[in-house]
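Here is a short tour of a protein chain, written for someone who likes to check each stop against the coordinates. Please keep the viewer open as you read.

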Amino acid sequence: MESQDTVKTINRHKQLGLSDGQVIDMYRYMLLARKYDERSLLLQRAGKINFHVSGIGQEAGQVAAAFALDRQNDYFLPYYRDYAFVLSVGMTTRELMLSVFAKAEDPNSGGRQMPGHFGSKRLRIVTGSSPVTTQVPHAVGFALAAKMQKKKFVSFVTFGEGSSNQGDFHEACNFAGVNKLPVIIMCQNNQYAISIPAHKQLGGMVSDRALGYGFPGVRVDGNDPLEVYRVVKEARERALAGEGPTLIEAMMYRLSPHSTSDNDLAYRTKEEVDENWKKDGVAGFRNYLIGLGLWSDEQEQDLIAECNLELKAAIEYADNAPFPKPEDTLLHVYSDSDLKGGA
């Protein structure tokens with residue numbers, strides 16, 4: 001006879017209204033994002049691309065958040081590590097590779113911006129800029145539009161814990177709280193702002209700050225995708241009911257260096273990183289599925305081969321695609337009327 005704890009574990013995703021097929025899809029996106037990240041690191045080391053900012057260790061929470069949102073109607077303002085999130089809402093590996101190869105077909109910026117600056121009108125991914133946290137006021141603006149136009153969508157924005165100290169974050173939260181706007185503000189606390197550990201930059205927890213703005217702050221294990229799904233789903237329901245924003249702090253760990261320009265062992269130990277690999281959300285979710293009989297070693301190998309084939313095709317396409325033309329430098333930067341001297 002199964003224990004009560006076993007039954008509880010077995011039924012976790014079904015208790016949240018997720019089907020077996022949905023949690024398998026969640027895992028597929030996690031693994032695809034992990035393989036994309038690993039391949040991009042290799043491309044940079046091989047001199048094929050110039051720069052990469054990694055999101056390894058944060059995939060589980062990102063995918064879970066995407067699945068808890070309405071991917072057909074909500075608006076998304078991701079930050080530069082959100083590969084797993086943007087893949088989950090519909091961006092392709094080809095589109096991501098066109099971006100890192102800085103090619104003209106790149107849908108994010110036409111090959112004129114750093115990788116990780118996502119943007120897609122088709123998918124309602126709002127283009128961000130390089131200064132960190134500027135996407136939070138933008139997300140609040142979209143939420144204000146939803147309220148003014150009486151439309152049923154939420155805006156969802158992510159950022160790191162280091163950038164939560166910027167004025168943009170505080171001003172946006174205050175405005176959202178005063179006006180009870182339908183926005184979900186999710187901090188991915190990966191413990192490091194480049195080389196500065198969280199305990200040297202935060203006087204407390206990010207989620208606790210919500211109290212001062214008049215709305216709930218929730219801390220969640222970002223390595224547990226089912227808990228992240230539950231929290232984001234509840235925040236969305238609150239927002240649509242007119243109850244205002246939620247600040248979510250997903251506790252994670254950046255398992256890779258900050259970027260390909262970073263030597264992370266200059267500010268943290270290998271032992272610390274190795275210890276956190278034991279909590280990896282991708283491996284943990286795979287074990288959860290295996291424990292339910294929903295996943296097997298054979299399926300794992302098939303999925304890895306499928307991801308590798310997809311990435312190989314995406315890389316070949318992006319590598320051979322044309323670069324932006326010099327005469328297109330101002331394309332999509334100004335409106336046609338601006339370029340023609342109009343009002």
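## An enclosed helix

Let us begin inside this predicted model. Helix α4 (residues 59-68) is largely enclosed by the rest of the structure, because 10 of its 10 residues are buried. The buried residues run through Glu59, Ala60, Gly61, Gln62, Val63, Ala64, Ala65, Ala66, Phe67 and Ala68.

What covers these buried residues of α4? The cover includes the helices α3, α5 (83-88), α9 (225-240) and α11 (281-291), together with the strands β2 and β3 (183-189). Several of these elements come back below, so they are worth colouring in your viewer.

## How far to trust the model

The pLDDT averages 93 along the chain, and 94% of the residues score at least 70. Over residues 1-8, however, the pLDDT is below 50, and in the model this stretch has three contacts beyond near neighbours in sequence. Where pLDDT is low, the predicted coordinates should not be read in detail.

## The annotated domain

An unreviewed UniProt entry places the feature "domain: Dehydrogenase E1 component" at residues 27-327. Over residues 27-327, 43% of the chain is helix and 10% is strand. The C-alpha atoms at the two ends of this range are 43 Å apart.

## The largest pocket

If you like pockets, here is one to look at. The largest pocket has a volume of about 480 Å³. It is lined by 28 residues, of which Tyr79, Tyr80, Ser130, Val132 and His258 are the closest to its centre.

How do the lining residues divide by character? The lining of the largest pocket holds 14 nonpolar, 12 polar and two charged residues. Strands β2 (155-160) and β4 (192-193) each supply at least two residues of this lining. Strand β2 is also among the elements that cover the buried residues of α4.

## Leu18 and Leu226, two buried partners

Leu18 is found in the loop between α2 (12-15) and α3 (20-45). Is Leu18 buried or exposed? Its relative accessible area is 3%, so Leu18 is buried. Leaving aside residues up to four places away in sequence, Leu18 touches His13, Val23, Met26, Leu226 and Tyr229. Val178 is 160 residues from Leu18 along the chain, and their C-alpha atoms are separated by 34 Å.

Leu226, one of the contacts of Leu18, lies in helix α9. With a relative accessible area of 1%, Leu226 is buried. On the same basis for sequence neighbours, Leu226 touches Arg12, His13, Leu16, Leu18, Val23, Phe285 and Tyr288. His13 and Val23 thus appear in the contacts of Leu18 and again in those of Leu226. From Leu226 to Ala139 the C-alpha distance is 24 Å, with their positions 87 residues apart in sequence.

Helix α9 also holds Arg230. Arg230 counts as partly exposed because its relative accessibility is 28%, and a residue must be under 20% to be buried. The C-alpha atoms of Arg230 and Lys270 are separated by 33 Å, and the two residues are 40 apart along the chain.

## Ile184 in strand β3

Ile184 sits in strand β3. Its relative accessible area is 0%, so Ile184 is buried. Which residues does Ile184 touch, not counting those up to four places away in sequence? They are Leu69, Val154, Ser155, Phe156, Val157, Val232, Ala235, Arg236, Thr246 and Ile248. Tyr288, a contact of Leu226, is 104 residues from Ile184 along the chain, with 27 Å between the C-alpha atoms.

## Two positive phi angles

Most residues other than glycine have a negative phi, and most peptide bonds are trans. Two residues deserve a look with that in mind. Arg124 is not a glycine, yet its phi is positive, at about 60°. Arg124 lies in the loop between α6 (93-100) and α7 (135-148), and it counts as buried at 14% relative accessibility.

Ile194, also a residue other than glycine, has a positive phi near 55°. Its place is in the loop between β4 and β5 (196-197). At 43% relative accessibility, Ile194 counts as partly exposed, whereas Arg124 counts as buried.

Notes: Residues numbered from 1 in each chain as written. Predicted model: local features only at pLDDT ≥ 70, side-chain atom pairs only at ≥ 80, totals over all residues. Heavy atoms only, no water. UniProt positions renumbered as here; feature names shortened; annotations may be inferred. Helix = DSSP H or I, 4+ residues; strand = E, 2+ residues; numbered from the N terminus. 1 Å grid on protein atoms, 1.4 Å probe; cavity = no way out; pocket = protein on both sides within 12 Å on 5 of 7 lines; lining within 4 Å. Points joined across faces, edges and corners; volume = space filled by probe spheres on them. Nonpolar A, V, L, I, M, F, W, Y, C, P; charged D, E, K, R; others polar. Buried < 20%, exposed > 50% of the residue type's maximum accessible area, 1.4 Å probe, protein only. Contact = heavy atoms within 4.5 Å. pLDDT = per-residue confidence, 0-100.
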